Amino acid sequence: MNFKWFQNKLTFVIIPEANGSVVRLKLARGVVWSVAASVMITVGAAAFLYLQHAHTAASTFLKTSELSGRTAKLEQALTSKNRRIEELQNDIYMLSKQAAEVHSQVAQMKKLEEDLQKLAPVSAEKNAESGGLPAGEAATAGTEAASAALGMGGPAVPVTHEEIRRLAMATGVAYMALQNEMNKLETSLSDSRQQLQEKQERLRRTPTLWPTDSRIVTSNYGYRQDPFTKKLSFHRGVDIAGKLDDPVYAAGGGVVHEVGYDKLHGHNVIVEHTSGLLTWYMHLNRATVRKGDLVDKGDPIGKLGTTGRSTGPHLHYEVLLGGKSTDPSGYLPMERTKEEKTKS
Ligand SMILES: [Zn+2]
């Protein structure tokens, strides 16, 4: 590059508007270009700095607004969480109230169960086992609330988290105790039911019914003068006089053990009630059941007659216990037949 080019002078003439004198400035060409370049660099740097600042300001603004948006969302979430906590606290309170109600229902069920046990007594141990109900804290709280339901008021004391936690725990304990009680009751009630059913079944099978419509006893169980030989003999049953073809009823439920005929007993039916307990109906005109038939107490099993060793229409009714005849009077209460019962 030519160094002289820089040294060449440039003359700047400044001409004022009025009568002032003209100013001449002589400057080297290089100096002029250097000044111009400096000015341009300064302006460029200033512009660059300004733009960078503007960019930072804009991004800060964006970040700030994003943060405030996030804060608003968090606040919203917090509000809804607080609402949910309040709802849950109310749920716990309602549960504690319900526990108290269930507690009183269980107590009622226990009373019922006791009544049932009086009908069908369960062993003494079991009665002792299912003792009094434990009174839970939650249950008490619920009862208090229930009794307050009639009239309400007073200052609203805020409940602490600790109190709610305790109420929830107490409610949990109360529910567990209730579940325990319910399980015991279930076992106990099903025992009672089974015992009642067994009792009912025993009663159904026990011969307690008068086997004829007629109540005319012509000969009791025990020693008597034989109607044929007139000699002293032992009579193993009860003779009940009646009309020919009167119905003869099963004195208790059971299975027809035997249906037969022979010259001594005539047409006769034996019913087995329980193992070792049988009733025997003799001198029938005919049997109306067959061996193996199931009969209920009061079911007709034959027609009254005078077949076999008999002097006239009557039923010889005999009760066999362990294979031996026993006094039927113990099994012949003043109970009437099924038909007589339905008439009254
Ligand atoms: Zn007889």
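Which side chain makes a polar contact with the side chain of aspartate 296? In this predicted model, the partner is arginine 204, at 2.4 Å. Aspartate 296 sits in the loop between β12 (294-295) and β13. With 34% relative accessibility, aspartate 296 counts as partly exposed, because that value falls between the 20% limit for buried and the 50% limit for exposed. Arg204 is one of four contacts of aspartate 296 beyond four places in sequence; the others are Ala250, Gly252 and Gly253. Glycine 253 is 43 residues away along the chain, yet its C-alpha lies 3.9 Å from that of aspartate 296.

Now the whole chain. The protein has 344 residues, and 28% of them count as buried. There are 6 helices and 15 strands. Among contacts with a separation of 6 or more, 64% join residues 24 or more positions apart.

Start with the helices. Helix α2 covers residues 29-119, which makes 91 residues. At 1.5 Å a residue α2 should span 135 Å, and its end C-alpha atoms are 133 Å apart, so expectation and model agree. The buried residues of α2 include Gly30, Gln89, Ile92 and Ser96. Polar and charged names also appear in that list, among them His103, Lys110, Glu113 and Gln117.

Two record annotations bear on this stretch. An unreviewed UniProt entry marks residues 30-51 as a transmembrane region. In the model, residues 30-51 are 100% helix and 0% strand, with end C-alpha atoms 31 Å apart. UniProt, again in an unreviewed entry, lists residues 71-115 and 175-202 as coiled-coil region.

The second of those spans leads to helix α5. Residues 175-202 are 100% helix and 0% strand, and the end C-alpha atoms lie 40 Å apart. Helix α5 itself runs over residues 161-205, 45 residues in total. Its expected span at 1.5 Å a residue is 66 Å; the end C-alpha atoms are 65 Å apart, which agrees. Buried residues of α5 include Ile164, Leu167, Ala170, Leu178 and Leu185. Glu181, Ser188, Asp191 and Ser192 are buried in α5 as well.

Next, the nonpolar core. In soluble globular proteins, nonpolar side chains tend to be buried together. Here the largest nonpolar core has 21 residues. Those touching the most other members are Val248, Val269, Tyr281, Val295, Ile301, Leu315 and Tyr317. Four elements give two or more residues to this core: β6 (238-241), β9 (266-274), β10 (277-284) and β14. Take valine 269 as an example. Beyond four places in sequence, valine 269 touches residues including Val256, Val259, Tyr281, Leu284 and Ile301. Glu258, Thr279 and Trp280 are also among its contacts.

Which protein atoms are the donors of the zinc ion? They are His235 (NE2), Asp239 (OD) and His316 (ND1), lying 2.0 to 2.2 Å from the ion. Along the chain, the donors follow the spacing H-x3-D-x76-H. The histidine pair links distant parts of the chain: histidine 235 is in strand β5 (residues 232-235), histidine 316 in strand β14, and 81 residues separate them. Histidine 235 and histidine 316 are both buried.

Strand β14 (314-321) also closes off a loop that begins after β13 (300-303), and serine 310 lies in that loop. Is serine 310 buried or exposed? Its relative accessible area is 14%, so serine 310 is buried. Its side chain forms a polar contact of 2.7 Å with the side chain of threonine 306. Beyond four places in sequence, serine 310 touches Phe228 and His283.

Histidine 283 deserves its own look. It belongs to strand β10. With a relative accessible area of 6%, histidine 283 is buried. Its phi is near 60 degrees, a positive value in a residue other than glycine. Aspartate 245 has a positive phi too, near 70 degrees. Its place is in the loop between β6 and β7 (247-249). Aspartate 245 has a relative accessible area of 37%, so this residue counts as partly exposed.

How values were computed. Residues numbered from 1 in each chain as written. Predicted model: local features only at pLDDT ≥ 70, side-chain atom pairs only at ≥ 80, totals over all residues. Heavy atoms only, no water. Buried < 20%, exposed > 50% of the residue type's maximum accessible area, 1.4 Å probe, protein only. Polar contact = N/O pair within 3.5 Å; in protein donor to acceptor, adjacent residues only side chain to side chain. Contact = heavy atoms within 4.5 Å. Donors = N, O, S within 2.8 Å, 3.2 Å for Na, K, Ca; no water. UniProt positions renumbered as here; feature names shortened; annotations may be inferred. Core = buried A, V, L, I, M, F, W, Y, C linked by side-chain atoms within 4.5 Å. Expected span 1.5 Å × (residues − 1).
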